[in-house]
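Subject: The model you asked for

Hi,

Here is the structure, as promised. Have a look at it first, and then read on for what turned up.

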Amino acid sequence: MPLSILMSNPVYRCIVLCLVLMATVRTTRAQTDDTEFYPYDDSTGTARLVSSATAMETAWDLVRNPLEADIPGDAADVARIRRGFRLFIQTPQYAPMLSGNEMACGHCHLNAGQRELALPLVGVASAFPEYNKRAGRMFTLTDRITGCFMRSMNAVGATAMLSAHDPDQVAGMISGREEVRDLEAYLDWLSEGFAPGDSLPWRRRNTIGRADLVPTAMLDSARGEKLFMEHCANCHGENGEGVAIGDIKAGPLWGPRSWNDGAGAARIYTLAGMIRHMMPYVSPGALTDEDAQHISYFINSHERPVYPFKSSDYLKEEIPGDALYYDRKK
Ligand code: HEC
Ligand code: HEC
């Protein structure tokens, strides 16, 4: 069968793609040296990230793997770090009470939060507490993780949380839980050797430069859809549902199993900043700033789970212009 016919059928296309990807993985995985990035002058040599320059062949790489590392300290603390790591990459399995969708932290923070230009979390624990604009108050790392659960993991849609009446009640039900402490232990471990005030040059780089932002009224969903079908649908599915590639599965990009409409990724420019630097998975950085924004607009023009407490957000700060799921009339 000619390749073009093979590739026009979604099932065959996926099989071909998987074979190509697996072959790349096999041949190049052993020889990649991922520790050259952001060498940080620190005697433990811990503050390094997996490179963003390579793609599928480093999908499984970690700079520090807590399941293999010989971690000194109290056995209970070590066990907590390891549970936190598992929770990070397989969130719905390990935190079913707090998951109202299919998302894992590691879907958006690639390589378990250790990859350059993919929302890395190395060193980030040392930056908290920090002011949070959406909440209008200081946020601890616990508050931040709790917020991720409420929005990115749609905990507000998990059965156990449905009876809650306000955001503080939900936050209270989440923040004291063991899963949150485990995740915090993993993130603290990723920040070992960092002190408050240290510069983290890899932080907040998943952005589009101010001068390159396209006003949301000028973004074009039809153009975004065309680009999505061309560059993304192979792995994410034509309905954004996410397709498995070997043992890695892309997360859903919209629909009832995706992040909710109060999440950071539900903002056009925030999602565009992720897409621009970390996707397409096989050639990250290949899209233009503008195309990333049209695609983000298309993805975030779909229905997704509703965060029911949006009217309690941005009470002190203005609602950002790209938070299109928010009602501006309040
Ligand atoms: C749908 C994508 C997505 C998922 C899933 C997700 N996050 Fe995030 N996360 C983001 C984005 C985007 C940001 C950047 C800030 C924002 O919200 O605008 C972020 C920021 C963070 C930060 C702060 C980083 C900094 O530099 O200040 C932490 C900590 C964090 N996430 C932890 C988690 C944890 C733990 C989970 C799983 C429980 C998780 N995230 C799941 C998208 C996601
Ligand atoms: C070769 C396969 C592949 C292609 C092509 C691809 N992605 Fe992904 N994408 C993935 C995988 C796999 C993940 C999850 C990564 C992980 O869990 O380590 C992912 C994660 C994401 C995420 C994080 C949230 C989620 O639901 O997983 C977004 C957003 C995303 N991709 C958008 C895009 C967009 C937009 C395009 C097209 C410009 C694209 N991707 C192209 C494989 C791909």
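Which residues in the largest nonpolar core touch the most other members? Before the reply, one caution: this is a predicted model. The core has 70 residues, and the ones that touch the most other members are Phe149, Ala155, Ile174, Tyr186, Leu187 and Ile275. Quite a few helices feed into this core: H3 (75-89), H5, H6 (110-113), H7, H8, H9, H12 and H13 (289-299) each supply at least two residues. Domain 1 (32-190) and domain 2 (210-312) both contribute residues, so the core lies between them. As background, nonpolar side chains tend to be buried together in soluble globular proteins.

For the wider picture, the chain has 13 helices and four strands. Of its 330 residues, 42% are buried. If you take the contacts with a separation of 6 or more, 69% of them are between residues 24 or more positions apart.

Now for one of those helices, H8. It spans residues 167-175, and its buried residues are Pro167, Val170, Ala171, Met173 and Ile174. Looking down the axis of H8, you find these buried residues within an arc of 160 degrees, so they line one face of the helix. The general rule behind this kind of pattern is that an α-helix has 3.6 residues a turn, so residues three or four places apart point the same way. Asp168 and Gly172 sit on the other side of H8, where they are exposed. What do the buried residues of H8 pack against? Their partners are helix H7 (141-151) and helix H9 (178-190).

Ile174 is worth clicking on, as it is both a buried residue of H8 and one of the core residues that touch the most other members. Leaving out residues up to four places away in sequence, Ile174 touches Leu98, Thr146, Phe149, Met150, Ala155 and Val180.

On to the ligands. Which residues come nearest to ligand 1? There are 23 residues around it, and the nearest are Cys105, Cys108, Cys148, Ser152 and Gly264. H5, H7 and H12 are the elements that give two or more residues to this shell, and H7 gives the most, with four. By class, the shell around ligand 1 is made up of 15 nonpolar, six polar and two charged residues. Domain 1 (32-190) and domain 2 (210-312) both give residues to the shell around ligand 1, so it lies between them.

Ligand 2 has 24 residues around it, and Cys232, Cys235, Ala250, Gly251 and Tyr281 come nearest. Its shell takes at least two residues from each of helix H5 (105-108), helix H11 (233-236) and helix H12 (268-278). There are 18 nonpolar and six polar residues in the shell around ligand 2, and no charged ones. Domain 1 (32-190) and domain 2 (210-312) each provide at least three residues of the shell around ligand 2.

A few backbone details to check while you have the model open:

- Phe128 and Pro129 are joined by a cis peptide bond, with omega about 0 degrees. Pro129 is in the loop between H6 and strand S1 (130-132).
- Met279 to Pro280 is also a cis peptide bond, with omega near -10 degrees. You will find Pro280 in the loop between H12 and H13.
- Asn111, in helix H6, has a positive phi near 50 degrees without being a glycine. Asn111 counts as buried because it has 22 C-beta neighbours inside 10 Å.
- Ala112, also in helix H6, has a positive phi of about 55 degrees and is not a glycine either. With 26 C-beta neighbours inside 10 Å, Ala112 counts as buried too.

Last one: is Ile248 buried or partly exposed? It has 16 C-beta neighbours inside 10 Å, so Ile248 counts as partly exposed. This residue lies in strand S4, which covers residues 248-249. Along the chain, Ile248 and Met56 are 192 residues apart, and their C-alpha atoms are separated by 9.9 Å.

Cheers

Technical notes
Residues numbered from 1 in each chain as written. Chains lettered and ligands numbered in written order. Predicted model: local features only at pLDDT ≥ 70, side-chain atom pairs only at ≥ 80, totals over all residues. Near = placed C-beta within 6 Å. Nonpolar A, V, L, I, M, F, W, Y, C, P; charged D, E, K, R; others polar. Domains from an automatic or database assignment. Buried ≥ 20, exposed ≤ 12 C-beta atoms within 10 Å, placed from the backbone. Contact = placed C-beta atoms within 7 Å. Arc of directions from axis to C-beta. Core = buried A, V, L, I, M, F, W, Y, C linked by C-beta atoms within 7 Å.
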